[in-house]
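Student: I would like to go through the sheets of this model and ask what each term rests on.
Tutor: Go ahead, one term at a time.

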Amino acid sequence: MGDVTEQTQTAGAAADDFVVRMAGVGVRRGRTELLSGLDWQVELDERWVILGANGAGKTTLLRLAAAEMHPTTGVVDLLGERLGRVDVFELRPRIGFCTAALANRVPPDEVVRDVVVSAGYAVLGRWREEYDSLDHDRAMGLLGMLGIPHLADRRFGTLSEGERKRTLISRALMTDPEMLLLDEPAAGLDLGGREDLVARLSSLAMDPDAPATVLVTHHVEEIPPGFTHLLLLSDGAVVASGLLEDVLTSENLTKTFNQPLELERSGARYFARRAG
Ligand SMILES: Nc1ncnc2c1ncn2[C@@H]1O[C@H](COP(=O)(O)OP(=O)(O)OP(=O)(O)O)[C@@H](O)[C@H]1O
């Protein structure tokens with residue numbers, strides 16, 4: 001990592017402004033290094049994008065940030081608590097985590113509003129439990145914010161890919177988390193679905209009351225306006241990280257994806273293609 005990271009991440013931040021602090025983090029499975037020597041910090045008001053090729057280690061990094069796994073080496077502090085010293089079952093409700101793996105665990109016959117509301121109880125598939133009407137109001141508000149209030153009574157298994165993604169983002173926000181982690185939310189969406197989701201994530205990013213957010217993606221086209229920071233990962237190591245406008249360059253993309261790439265900017269959106 002270069003000067004960009006040091007300048008943009010540490011200036012003026014008090015210790016409790018950090019929602020994520022990772023230092024010297026490595027994750028090993030057998031002889032494979034999934035992550036190595038990774039330093040990364042996320043502050044309360046930041047919205048991060050993590051970008052990298054298939055197998056770069058993005059999901060592994062997000063699972064560390066979600067307290068779903070421990071590092072092999074180094075230190076991970078989340079919301080002021082150190083992994084290894086904290087009960088992860090107390091930490092996880094403070095973190096909204098939205099992944100394709102979660103989508104696969106939702107019973108297809110579960111009703112959409114219950115997929116959302118049950119997040120407060122950290123359960124899936126127990127939709128007959130009694131929930132408070134305030135919880136239902138909040139769930140309906142979140143489904144409205146994501147543009148799918150009309151689907152509240154549908155069964156999850158009948159939803160399209162994009163509708164499932166929006167349901168799970170609503171669920172991730174249900175507990176009013178201090179940090180929101182989104183793993184490839186636009187994967188599998190058609191062009192219209194992607195654009196709609198990017199616009200909604202952009203509104204969320206610009207909401208000062210929204211939690212610190214980390215979005216994993218493969219594509220610069222999916223970066224919602226309002227996201228502030230970028231971490232580029234390649235082979236389990238950081239290529240560059242810091243302010244989005246400093247880090248997102250043709251040169252850094254070329255290093256990250258190991259081929260000549262040209263970046264273009266149009267308004268607040270980005271596009272990339274092979275150079276030449
Ligand atoms: N338990 C494991 N044992 C060995 N290798 C693993 C294990 N889990 C993950 N890996 C490898 O670690 C690397 C990083 O995986 P990870 O899922 O974090 O990448 P990713 O950047 O999210 O990839 P993608 O974009 O394809 O989802 C991959 O090469 C993967 O095959």
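Student: In which sense do strand β3 and strand β8 pair, and over how many bridges?
Tutor: The model is predicted. In it, β3 (residues 47–52) and β8 (residues 212–217) pair in the parallel sense over five bridges. Leu51, for example, has Thr217 in β8 as its bridge partner.

Student: What makes β3 and β8 count as paired?
Tutor: Pairing requires at least two bridges found by DSSP between two strands. β3 and β8 have five bridges, so they count as paired.

Student: Which sheet holds these two strands?
Tutor: They belong to an open sheet of six strands in the order β6-β7-β8-β3-β9-β10, with mixed pairing. β6 (95–98) and β10 (237–243) are its edge strands, each pairing on one side only. From one strand to the next, the twist averages 15°.

Student: Which helix lies across β6 and β7?
Tutor: Helix α7 (residues 161–174) lies across β6 and β7 (179–183), and runs at about 165° to β6.

Student: How is the four-strand sheet ordered, and what is its pairing?
Tutor: The order is β2-β1-β4-β5 in an open sheet, and the pairing is antiparallel.

Student: Why are β2 and β5 said to stand at the edges?
Tutor: β2 (32–43) and β5 (81–82) each have a single partner strand, so one side of each is left without a neighbour in the sheet.

Student: How do you know that β1 and β4 pair?
Tutor: Strand β1 (residues 18–29) and strand β4 (residues 73–78) share five bridges in the antiparallel sense. The cut-off is at least two bridges, so the pair qualifies. Val20 has Leu78 in β4 as its bridge partner.

Technical notes: Residues are numbered from 1 along each chain as its sequence is written. This is a predicted model: local features need pLDDT of at least 70, side-chain atom pairs count only at pLDDT 80 or more; totals for chains, interfaces and linings use all residues. Axes are lines fitted to C-alpha atoms, for helices over the stretch in contact, and angles run from 0 to 180 degrees between N-to-C directions. Two residues are in contact if their C-beta atoms, placed from the backbone, lie within 7 Å.
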